[in-house]
Amino acid sequence: MNVTATGILAQSLEIALALAAAPLLLGWVDQWRARLQNRSAPPLTQPYRVLRKLFHKESVVADSASALFRLTPYVMFGCMTLACAIVPTISTDLPLATAADAIALVGLFALARTFIALAAMDIGTAFGTMGARREMLIGFLAEPALLMALFSTSLITHSTSLANMVDTLSHRATVLEPSLAFAGVAFTIVSLAENARVPVDNPATHLELTMIHEALVLEYSGRHLAMMEWAASLKLFAYSCIGLAMFFPWGIAEVDSPLAMLFAVPALVFKLAIGGVLLALIETASAKMRIFRVPEFLATAFLLAVIGLLVHQLLEA
Amino acid sequence: MIHIDWILVIVAAWLVLGIWALFALHRTKFVARRLFPLGGLLGLALAGVALDALFSTAEVAQLLIGLPGLPMHLRLDALSAFFLVVIGAGVFGTSLFSAGYFRAGEGTAPGLLCLEYHVFLAAMAMVVLADDAYAFMVMWETMALSSFFLVTANHRVASVRQAAYLYLLLAHIGAVAILLCFGVMQANTGDYTFANLRAQQLSPMWLSIAFGFAVFGFGAKAGLVPVHVWLPEAHPAAPSPVSALLSAVMLKTAIYGLLRITFDLLHGGLWWWGAVLLALGLISALMGVVFSTVQTEMKRLLAYSSIENIGLIVAGLGLALIFRSYGMANLAALALTAAMVHVLAHAFFKSLLFLGTGAVLHATGERNLGKLGGLIRSMPWVAWLVFIGVLAGAGLPPLAGFVSEWLLLQSFLFTTALPNSFLDMLIPLVAAAVALCVALAGYAMVKFFGVIFLGQPREEKLLRAHDANVWQRLGLAWFAAGCLAMGLFPVPLIDAIDRVTNRLLGAGLAQAVHANGWVLLAPIGLERASYGPVVFLGGVGAGITLGLLIARRLYRGTLRRGEPWACGYAGGTARMQDTAEGFGQPIRQIFEPFFRITRDLPSPFDVRPHYRVLTQDRLWHGVYMPIARLVDWLARGVSWLQQGRISIYLMYSFLTLLIMLMLVRL
């Protein structure tokens, strides 16, 4: 682990960028979704306004809530911040990246999921436990699929460290490996499920029968809800950046070229902008699934990722 | 010779404690508060001595107990020392907890229980030390019998007796298989010392037969599918400290036996042995975890989770065997290290969870998940300590369970160069199965913690539940600290395990790991993969602090306590929370073919409707019941011979005599 001054700079820049830009990405996706659905779009800064509003509201905590309930929003925020710090977004020279490779990153998301599910069970309302159950259902299906999708990349790059994966992928001779295509589709499905996007969950409703993420945060208000919302936008940001790093790793600065960071930021913004539009497109084009269909949807992702691994073993190894 | 002598002294001291307890048969307070903590301290001493022995050379000794001319050979090498550390560490916490657990008037007298307990401990330690088949089998049987009596502590309950009987039955069938395994290995030399067994050159067929017996025998003890059925019955039946010892320590002696025989005495053997272990391990892991998510009784849930963890350990052993048979010692060392880390991690977090259920059981008298809930408010000590165990059990970073999971997945990932292309294809699928098991374990753990400790109390009396006493807290805290320490500092742990892998495989991870200091765990190379738990925890901690600072800086509102929101519905009661059945329902639906589900649905006209779902193991009805019926049928056939009339018995004697005479004449 060589900690250099540029490394620390890149690391701080990444964290600051993630914290500042994550709500913006959410606003961008919401705006495009509205446009595609022929609604008048909210301003790009809407998520910031929501955060500001929540930071000015009273926080009501249920009488029976334990310390776990009050701690969880900060744990979520902490986990997602660390996730954004590990994923190479503008540089691969990240001191924190050695602390957690792809497997540990999946573990980090699982840690956050466990906390949010437990916090939802803490109050003991019907909605909370229902949300927790559904979140864990999606989690146990999505987690192996995500791992398998990441493994396809690590088999190609012979590394599970995200920074090394990006370094190798952006320098390889072959442009498209078939196994990566499978992994990409699997990863997209998992990202939709994990970020509570449309075919699996609808972030815009509070309909009892369908909500998952909203059921988990139902009891939160004020600053706790603000942290939860911020953490959710950080999660979307982290997932988008993992996808970009694995499948479109161009433009990310490397150890020996700190100046490339100057170009990395616009490249990232450009890629995220396109990714956001695509996400809005997927969400508009698909209908929300019944909860019983979600396991099949995620099992498809799991199988696709495993097929990706097998394709790698058969054709590319 | 110093270590092994000290260990024998400790074992003898345990026996003395046990006999002492016989003189204080009903003095619960003396037995619990004096003898159990003493036994625990001896356990700690054992762990310390064994840890020191791990880094020294092997030692041998002879005990002149037993048949004339047949002394017990003992040997303390790295493998034994590692498992002695597991035993000692597990015993220390469990004995401390027991000091606050056992009460008068519950089943077996406390003094007797104390004797059984310490005989059990001594037998486990001696199993690991044994260096000949005779000593091994005697100690193995002592362990089985003493644990049988511990399981039947509440012998007035019929279901406890049934469970214990099933345990005894399978333990003995397993023991017979182990005996046969030794019989095959000695190859007609008549010398049962391990040194001789190691020296034999058997043909591959006999080697494989010996391996088959060993897998069956030790599998029955470890709880591998399909010989796992005793485990979910016996663990809930036993008192909680005993369940903790059974699950955390005794199952590991079976892993020890499997390691000793396959890796040491049989020298690794053929590649398909590894494939067999891998398959058995994964099937057990998947079955175990799927069943654990649908359980409605807290200790059964944990018992099934033990099957899962043993399955993962055995899968690691299988992978190590495969690599070893292809001469890839470094990868074998990686897989074996993963399995060994999991042995220790599981010992700690499963003890913690089982002891936690013990505290809950004492405070509430309930073991049914459907009648618990909300205990984090009345039992904060137990809840928060168990929470650490839950996170470790779910395989989450930065705790102990994640280290082994991480190492295991790493060893699956970097296996692209196996000479067998069929295996090469299979390995990614296996990695997928491991990932699925670990994710499901998270589901089971959330269910366990959420239903017991979170939410609203489902019964009135839970509000009056008392927290654990000091002894219990000490025991729980020991295991929680272990889960944290192992998770945060895996490098020293791997140093210790390196001795074991060097002994068995001639390769280890210590050097590769040391190249990057103690902060980062990078078993293959820093560019391949690295994991730094301390930095990880620091990162999450810094993130949490940042969040708190931001909230403090930006927040303009106030905090108020109030009614839960629940979408504005005010009439919510504790009964509206998910029950344990409800929480397991998605799994029941997805994995339906795994279960034998009998549903009892009320008709619409029922005035007092009852809804009942019974989820059972298919193997029980598919394999065990037919065998039981067959035995029954045979027994009836035999009973036909016993007509109960003296003339018929005389006729049998006469016929026998006749046949004998004819045989003699021939």
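I began with α10(B), and I noted that 25 of its 26 residues are buried, so this helix is largely enclosed by the rest of the structure. The model is a predicted one, and I read every value below in that light. Helix α10 covers residues 240–265 of chain B and reaches 35 Å from its first C-alpha to its last, close to the 38 Å expected at 1.5 Å a residue. I then looked for a bend and found one of about 35° at B:L246. After the helix comes B:H267, whose phi is positive, near 60°.

Next I turned to α12(B), residues 298–325, where 28 residues reach 41 Å between the end C-alpha atoms, close to the expected 40 Å. I recorded that 27 of the 28 residues of α12(B) are buried, and that B:G327, just after the helix, takes a positive phi of about 75°.

I looked up the contact between the chains, to which chain A gives 74 residues and chain B gives 72. On the side of chain B that touches chain A, at least two residues each come from α14, α16, α17, α21, β3 and α22 of chain B, and α17(B) gives the most, with 15 residues. Sorted by class, that side of chain B has 45 nonpolar, 18 polar and 9 charged residues. I also checked the strands, and found that β1 of chain A (residues 59–62) pairs with β3(B) in the parallel sense over 4 bridges, with A:V60 standing opposite B:R560.

I stayed with α21(B) a little longer, since it belongs to that list. Its 22 residues should span 32 Å at 1.5 Å a residue, and its end C-alpha atoms are 31 Å apart, which agrees. Among the buried residues of α21(B) I noted B:P533, B:F536, B:G539, B:G543 and B:G547. The buried residues of this helix pack against α3, α4 and α9 of chain A, together with α18 and α19 of chain B.

Which residues touch the most other members of the largest nonpolar core? Of its 378 residues, I found these to be A:A145, A:M148, A:A186, A:A305, B:A125 and B:V434. The largest share of this core, 23 residues, comes from helix α13 of chain B, residues 329–364. I followed A:A145 further, and leaving out residues up to four places away in sequence, A:A145 touches A:A186, A:V190, A:L298, A:A301, A:F302 and A:A305.

Last, I went through the backbone exceptions, keeping in mind that most residues other than glycine have a negative phi, and most peptide bonds are trans. The peptide bond from B:V225 to B:P226 is cis, with omega near 5°, and B:P226 is found in the loop between α8 and α9 of chain B. A cis bond also runs from B:P397 to B:P398, with omega near 0°, and B:P398 is found in the loop between α15 and α16 of chain B.

In chain A, I noted A:N38, which has a positive phi near 65° and is found in the loop between α1 and α2. A:A196 likewise has a positive phi, of about 55°, although it is not a glycine, and A:A196 is found in the loop between α7 and α8 of chain A. Is each of these two residues buried or exposed? A:N38 is exposed, because 7 other C-beta atoms lie within 10 Å, whereas A:A196 counts as buried, with 20 C-beta neighbours inside 10 Å.

How values were computed: Residues numbered from 1 in each chain as written. Chains lettered and ligands numbered in written order. Predicted model: local features only at pLDDT ≥ 70, side-chain atom pairs only at ≥ 80, totals over all residues. Contact = placed C-beta atoms within 7 Å. Nonpolar A, V, L, I, M, F, W, Y, C, P; charged D, E, K, R; others polar. Pairing = 2+ DSSP bridges. Expected span 1.5 Å × (residues − 1). Buried ≥ 20, exposed ≤ 12 C-beta atoms within 10 Å, placed from the backbone. Bend = angle between axes of the 7 residues up to and from the residue. Core = buried A, V, L, I, M, F, W, Y, C linked by C-beta atoms within 7 Å.
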